[in-house]
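Hi,

Here is the structure I promised to pass on. Have a look at it first, and my notes on what turned up follow underneath.

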Amino acid sequence: MRIDSIVLREVHMPLLHPFETSFGVTRQRRILLAEVRSEGLTGWGECTAGERPYFSGESTDSAWQAIVNELGPMLAASEPEHGGECPAIFRLVRGNPMAKAALENAIWDLEAQREGLPLAQLIGGVRETIACGVSLGIQPSIPELMAVIEKELAAGYQRIKLKCKPGWDVEVFDRVRNRWPEIMLSCDANSAYKLRDADHLTSFDAFDLLMIEQPLWYDDFYYHSILQKRLHTPICLDESIRNRRDVLAATEMESCRIINIKLGRVGGFSEAIAVHNAAQERGVPVWCGGMLESGIGRSHNIALSTLENFSLPGDVSASARYWKEDIVEPEITVSKAGEIEILDTPGRGYEVRTDLVEKLTVRKEQIRAFEMVA
Ligand code: OSB
Ligand code: MG
């Protein structure tokens, strides 16, 4: 397909509730959106980089630079027929997976529209609904957390994930488990612990957690493998898994028993599918992570979650948990059974509210192909 134009924007979207993890608090998202036009169709991608380079080395600003200076011009000069060609188009640029994913996922959206297929179907998805969980940030107090859990369970969510860190862990799990002995409960440390905390982490086994997500360093397999040997609770890796080869290394070393897949973290649909397949071949279940996305990134996550090995509830929840007003139409909703229904519209399936996007835009740049010197 000929790339007619690429427009990159930064939109500002205040979260309804501050989101606190072991590495900080987010109150407002600064989200990059890529709008790619080709032959009468428009594909959208979202960059999941955080405002600060604390989850990974990327940030809204670093991704802006990477897209405007490098990746955007590369894509503008190419004629991809498939989203799967993007990794080769971007191959000279190392790292920057979230910046790459913003563009690659827009091409997948375009390809699905051109084929007249829902994106979920284009990638080989097998589900008509996906299972949803929630990720709950660190709260000011345990009673406030209990109230939030009560609300999300009543809304139908199938799994509660608690962000944790030293000082916000066993006491919290104990109170939650006492009140709800049967729910699917997990935790996510975002690398808040060290191997010397191993004794403390083994005490998490008492709470029948579905998994402990990324307890140790963001770039580690080895120390997680040592820790996993001491834990009954499965470790789930998020930050550490960057690509398919990492799945092979982590499963070979038994660093984890579950894998979280995020489109941005692995660089887009091509690598996400490869990660999914590698995990499936090794009998490791996966689930779809979230990065506080707008409806655009969320719609990509929904499509991804229809692949067969997404057998655990994801952090893909309703628009209304994050935003007063989402930028897609219809908004993303979750049923009382804790499921999102897959739409049968071609592409991502949720229309972009372009007027609202325009209103929320704080910077915008049209990207051109590198000048060809005759
Ligand atoms: O580690 O899963 C994470 C949000 C920002 C950065 C990292 C993570 C998260 C979440 C939020 O857990 C999940 C969501 O989008 O609801
Ligand atoms: Mg995580």
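R37 counts as partly exposed, because its relative accessibility is 42%. Keep in mind that this is a predicted model. R37 forms a salt bridge with E35, and the closest N and O atoms are 2.8 Å apart. E35 itself is buried, with a relative accessible area of 7%. E35 also has a salt bridge to R9, where the closest N and O atoms are 3.8 Å apart. R9 sits in strand β1 (residues 5–21) and E35 in strand β2, so this pair ties together parts that are 26 residues apart in sequence. R9 is another buried residue, at 6% relative accessibility.

Those strands belong to an open sheet of 4 strands, ordered β3-β2-β1-β15, with antiparallel pairing. At the edges are β3 (41–47) and β15 (361–367), each of which pairs on one side only. Ignoring direction, neighbouring strands of this sheet are turned by 25 degrees against each other on average. Strand β2 (residues 24–38) runs antiparallel to β3 and is joined to it by 7 bridges. If you want a spot to check the register, V36 has G43 in β3 as its bridge partner.

What packs on this sheet? Helix α12 (residues 295–304) does, touching β2 and β3, and its direction makes about 95 degrees with that of β3. And how many of the residues of α12 are buried? It's 10 of the 10, so the helix is largely enclosed by the rest of the structure. The charged residue R298 is among the buried ones, as are S299, H300 and N301. The charged end of R298 sits over the ring of Y322, 3.9 Å from its centre.

Back to salt bridges: the structure holds 27 of them. One is between K163 and D188, with the closest N and O atoms 2.7 Å apart. This pair links distant parts of the chain, since K163 is in strand β6 (residues 159–163) and D188 in strand β7 (residues 184–188), 25 residues apart. K163 and D188 are both buried. They also belong to a network of salt bridges that links R159, K161, K163, D188, E213 and D315. R159 has a further contact worth a look: it lies over the face of W287, at 5.2 Å from the ring centre.

On the aromatic side, the count comes to 8 pairs. W108 and F269 make a tilted one, 5.8 Å centre to centre and with 45 degrees between the planes. W108 lies in helix α3 (residues 97–115) and F269 in helix α11 (residues 269–281), so the pair ties together parts that are 161 residues apart in sequence. Both rings come from buried residues: W108 has a relative accessible area of 9%, and F269 is at 0%. Y222 and Y223 form an edge-to-face pair, 5.0 Å centre to centre with 75 degrees between the planes. Here the residues are partly exposed, with relative accessible areas of 47% for Y222 and 36% for Y223. Finally, ring pairs link F173, Y193, F204 and F207 into a cluster.

Cheers

Technical notes:
Residues are numbered from 1 along each chain as its sequence is written. Chains are lettered from A and ligands numbered from 1 in the order in which they are written. This is a predicted model: local features need pLDDT of at least 70, side-chain atom pairs count only at pLDDT 80 or more; totals for chains, interfaces and linings use all residues. Side-chain values use heavy atoms; hydrogens and water are left out. Two strands pair if DSSP finds at least two bridges between them. Helices (H or I, at least four residues) and strands (E, at least two) are DSSP runs, numbered from the N terminus. Axes are lines fitted to C-alpha atoms, for helices over the stretch in contact, and angles run from 0 to 180 degrees between N-to-C directions. Contact means heavy atoms within 4.5 Å. Rings of Phe, Tyr and Trp (its six-membered ring) pair if their centres lie within 6.5 Å; planes under 30 degrees apart count as stacked, over 60 as edge-to-face and the rest as tilted. Buried means under 20% relative accessible area, exposed over 50%, partly exposed in between (1.4 Å probe, protein chains only). A charge sits over a ring if NZ of Lys or CZ of Arg is within 6 Å of the ring centre and within 35 degrees of the ring normal. A salt bridge is a side-chain nitrogen of Lys or Arg within 4 Å of a carboxyl oxygen of Asp or Glu.
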